[in-house]
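Trainee: Please show me the structure. I would like to learn how its labels are earned.

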Amino acid sequence: MRKRFIAGNWKMYKTTVEASSLARALAAEFGGLTDRRVMVAPPFTALTAVREALAGSPILLGAQNAAAELEGAHTGEVSPRMLRDVGVAVVILGHSERRHVYGETDALVNRKVKLALAEGLEVILCVGETLDERQAGVTEKVVGGQVRAGLAGVASLAGVTIAYEPVWAIGTGRNATPEDADAVHRTIRGIVAGLYSPAAAEALVIQYGGSVKPDNAAALMRMANIDGALVGGASLKAETFVPIVRFDR
Ligand code: PEP
């Protein structure tokens, strides 16, 4: 049985004071939560403050990116070992903003995935097609290619979550229908079954991301292959993130 996993990506929002305040509010809400996993990924600058605010809470500390190197002359980069050092448990890799705004390739994302896992971090590997790709009917080919490339050389899926995030649905208020999203999730599970095993595919948690809000979370999460959500905008306020996490209450 796959455990639900709902993650908030705070992107480049929130000062340390704002981030701690939101983290404290979420910690107060989710103190006894055991039937699902919850994560927040503040900006790097607020990781330590959020870790302190989450002390004693089951909420996982996430990061939004990591370098593909452990250390060295890489100005502006933060390595997975440094993330572990400040208490990060999970790192989001291959987010569409990293791929499309900062030019991250499948090969770079794959190096990041392998290094982060080797350093003991869990990984949320993001995949998703652009609007042009969806309209050209190549969604499954694109997403399948990103899954295969992102996981190349990864021996075990322990510590790996996949987030399917159609690029056209991120921050736009447009979201895939639950049926459309579930179809892509099913395709991903099929690819993973071929790459690893049917049991590994059955155990894999696949999040949906793209304009998830309190009013659409339940319908998405009711689908057989949607196991959680990666939430951007609606994770920035407790009033919208809490009901998404409690989508079935
Ligand atoms: C995201 O940042 O991963 C995301 C899905 O954003 P939003 O929920 O705002 O569409």
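**Ligand contacts and helix crossings**

Mentor: A backbone N or O atom of Gly232 lies 2.8 Å from an oxygen atom of the ligand. The model is predicted, so local features need pLDDT of at least 70, side-chain atom pairs count only at pLDDT 80 or more, and totals for chains, interfaces and linings use all residues. Residues are numbered from 1 along each chain as its sequence is written, and side-chain values use heavy atoms, with hydrogens and water left out.

Trainee: What makes the Glu165 pair a polar contact?

Mentor: A polar contact is a pair of N or O atoms within 3.5 Å. A polar side-chain atom of Glu165 lies 2.6 Å from a ligand oxygen atom, so the pair qualifies. Asn9 qualifies too, because a polar side-chain atom there lies 3.3 Å from an oxygen atom of the ligand.

Trainee: How much of the ligand does the protein cover?

Mentor: The protein covers 97% of the 290 Å² of accessible area that the ligand has on its own (Shrake-Rupley method, 1.4 Å probe).

Trainee: Why is helix 5 called oblique to helix 7?

Mentor: Compare the angle with the classes. Under 35 degrees counts as roughly parallel, over 145 as roughly antiparallel, 65 to 115 as roughly perpendicular, and the rest as oblique. The axes of helix 5 (residues 106-118) and helix 7 (residues 139-150) cross at roughly 45 degrees and come within 8 Å. That makes helix 5 oblique to helix 7.

Trainee: What about helix 7 and helix 8?

Mentor: Their axes come within 10 Å and cross at roughly 40 degrees, with helix 8 spanning residues 178-195. Helix 7 and helix 8 are therefore oblique to each other.

Trainee: Is the crossing of helix 7 past helix 8 left-handed or right-handed?

Mentor: Right-handed. The near helix is turned clockwise from the far one by less than a right angle; anticlockwise would be left-handed.

How values were computed
A polar contact is a pair of N or O atoms within 3.5 Å; within protein, one must be able to donate a hydrogen and the other to accept it, and residues adjacent in sequence count only if both atoms are side-chain atoms. Axes are lines fitted to C-alpha atoms, for helices over the stretch in contact, and angles run from 0 to 180 degrees between N-to-C directions. Helices (H or I, at least four residues) and strands (E, at least two) are DSSP runs, numbered from the N terminus.
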